[in-house]
Amino acid sequence: MEPITFVLFGATGDLAKRKIYPALYNLYIRGKLPAAFSVIGLGRREWTDETLRSNVEQSLRRFSRTKPDDEAALGRFLEAFRYCVLDIGREADYVKLLDLVKAREEELGIPENRLFYLSVGPEFFGPIADNIRSSGLGSGTGWKRLVIEKPFGHDLESARELNRKLGESFSEDEIYRIDHYLGKPIVQRLESLHENPVWRELWNGRKPANVQIVADESVGVEERAGYYDKSGALRDMFQNHLLQLLMMAAVHLPAHGGDGNVHVRKKRVMEALEPVRKEDAAASVVRGQYAAGAIGGEPVVGYTSEPGIAPDSRTDTFIAARLHVNSDDWQGVPFYIRTGKRLKAKATRIVVEFEPSGAAGSAAGSPAGAEPNLLVVEIGPNERITLQRASRECGVDAGFEPIPVETHPHGDDSPEAYENLIGDAIAGDPTFFAHWDEVELSWQWVQPILDAFAEERVPLFTYEAGGYGPAESDSLPEREGFRWWFDEKNDKIKKDPKERDRYVCQPNH
């Protein structure tokens with residue numbers, strides 16, 4: 001990799017402490033940073049270089065997956081860090097920053113390659129980009145890159161305005177929009193899944209019946225009440241993370257999934273996504289808000305009783321939707337997407353249900369009682385890909401036999417999402433970042449639903465914390481003869497003896 005200057009806006013913040021510093025350190029000790037590099041942390045606090053280094057070291061000892069045990073290597077890593085006090089709106093501070101950047105480049109004998117990481121609120125993206133341009137920070141002889149965090153806009157109009165603003169200072173190929181779900185190793189390996197012989201055999205001659213993408217969270221809003229109550233689950237999770245997972249699944253799961261440019265194909269998926277009119281949103285979208293309940297046996301309050309949340313808040317903490325991708329690969333295959341807070345357990349997964357062998361229906365509706373095969377991509381909290389093959393023998397409860405397709409090659413020592421993404425940004429690899437086309441098309445699809453929510457066209461159901469969300473969300477897959485997989489409330493095989501008996505003595509398929 002080429003030598004760089006890594007300029008971190010928000011160096012005193014929580015994201016830097018928990019994710020960015022550990023990511024840089026793990027890249028460093030694995031030889032995946034340039035031989036010569038400079039890190040300049042920025043913030044309003046009156047820190048010194050030593051203060052920053054001390055905080056970075058504390059961050060590594062607490063949050064890094066690899067704890068510092070080589071003091072000499074740790075010292076060399078920390079020596080790369082400098083601190084500069086900066087007020088985002090003060091132009092003179094950027095001139096001072098430029099002097100420091102140039103001084104370090106000359107000291108290290110490195111080119112003017114500069115990566116600007118904006119670990120700050122989105123309201124500061126535009127002003128920072130403007131000042132990088134006007135101060136000369138972005139006009140050196142080397143390359144420049146801008147890395148920004150979500151949220152990228154609050155709706156379609158604000159996203160377009162933000163992109164227009166950034167475009168005055170950076171070109172599209174210089175902007176790296178982080179979606180940390182795209183940095184997860186299991187998601188990145190979807191690209192090579194079609195090469196697996198088990199996968200090819202599974203897909204050969206079989207059509208998916210449906211695809212489910214679930215991101216359940218057991219936590220509530222925690223300290224994010226101020227942000228979350230203005231966003232809700234649709235903006236916070238669905239528009240970005242879950243639609244990105246849908247794109248990744250749709251472009252990589254077919255047998256020929258590795259062909260062609262990833263970004264072009266992701267854009268085609270979004271263009272083929274059947275739009276939802278605000279007048280019809282209630283037919284394909286279910287929204288909810290958690291009420292009091294229990295998580296892991298511990299009582300928790302409802303959303304409107306959380307600190308910082310208004311008692312009459314109408315913010316959604318749960319979203320489920322049925323989507324259709326009108327493309328050759330996915331014509332007639334429904335996608336069911338769900339995310340919510342204060343659900344039974346944390347779980348993020350993609351499930352591809354295949355039509356049962358020798359049966360024309362789903363597991364829920366097959367007259368022969370045939371169970372389908374499932375391809376399960378577990379993204380969190382554990383990472384693995386398995387084929388869940390139906391297993392039924394007389395006298396034995398119905399269940400699924402998991403057959404590993406691919407597990408994480410590095411086990412517990414696997415790179416974390418931010419390590420992968422920061423490494424890619426430094427290397428100039430945009431594969432696992434969100435391009436503007438994808439972001440804009442995502443907002444275009446979501447905007448009518450936001451409008452429907454604002455006009456109260458979609459009911460806001462309450463659901464008890466510790467469950468699987470509003471009961472009304474079951475209707476989305478049930479209308480087409482399916483059910484949510486791995487939810488106890490929907491698993492008739494486990495919960496209903498009469499239903500179970502239909503399966504336990506059926507021949508294996």
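Me: What makes the largest nonpolar core a core, and which residues have the most contacts inside it?
Reply: In this predicted model, the largest nonpolar core has 141 residues. A set of this kind is called a core because its members are buried nonpolar residues joined through side-chain atoms within 4.5 Å. Those with the most contacts inside the core are F6, F9, Y117, F238, L253 and L323. Helix α9 gives the most to this core, with 15 residues. In soluble globular proteins, nonpolar side chains tend to be buried together.

Me: How do you know what L323 is in contact with?
Reply: Contact is counted when heavy atoms lie within 4.5 Å. With its neighbours within four places in sequence left aside, L323 meets that cut-off with F238, L243, L246, L273, V333, P334, F335, I337 and W445.

Me: Why is S59 called buried?
Reply: The relative accessibility of S59 is 1%, and buried means under 20%, so S59 counts as buried. S59 belongs to helix α2, residues 49–63. Beyond four places in sequence, the contacts of S59 are A16, K17, Y21, P22 and S64.

Me: How much of the protein chain counts as buried by that cut-off?
Reply: Of its 509 residues, 56% are buried. The secondary structure of the chain comes to 16 helices and 17 strands.

Me: What makes an empty space a cavity, and how many does the structure hold?
Reply: A space is called a cavity because a 1.4 Å probe fits there but cannot get out. The structure holds three cavities of 30 Å³ or more. The volume of the largest cavity is about 170 Å³. Its lining has 17 residues, and the closest to the centre are K150, F152, N240, A434 and V439.

Me: Which helices each supply at least two residues of that lining, and how do its residues divide?
Reply: The helices are α9 (225–252) and α13 (436–454). The lining of the largest cavity divides into eight nonpolar, four polar and five charged residues.

Me: How do you know where the model should not be read in detail?
Reply: Low pLDDT is the sign, because where it is low the predicted coordinates should not be read in detail. The protein chain averages a pLDDT of 88, and 86% of the residues score at least 70. Over residues 358–368, however, the pLDDT is below 50, and this stretch has 22 contacts in the model beyond near neighbours in sequence. Residues 393–398 also have a pLDDT below 50, with 15 contacts in the model beyond near neighbours.

Notes:
Residues are numbered from 1 along each chain as its sequence is written. This is a predicted model: local features need pLDDT of at least 70, side-chain atom pairs count only at pLDDT 80 or more; totals for chains, interfaces and linings use all residues. Side-chain values use heavy atoms; hydrogens and water are left out. On a 1 Å grid over the protein atoms alone, a cavity is a set of points where a 1.4 Å probe fits but cannot get out, and a pocket is an open set with protein on both sides within 12 Å along at least five of seven lines; lining residues have an atom within 4 Å of a point. Grid points are joined across faces, edges and corners, and a volume is the space filled by probe spheres set on the points. Helices (H or I, at least four residues) and strands (E, at least two) are DSSP runs, numbered from the N terminus. Ala, Val, Leu, Ile, Met, Phe, Trp, Tyr, Cys and Pro count as nonpolar, Asp, Glu, Lys and Arg as charged, and the others, Gly among them, as polar. Buried means under 20% relative accessible area, exposed over 50%, partly exposed in between (1.4 Å probe, protein chains only). pLDDT is the predictor's confidence in each residue, from 0 to 100.
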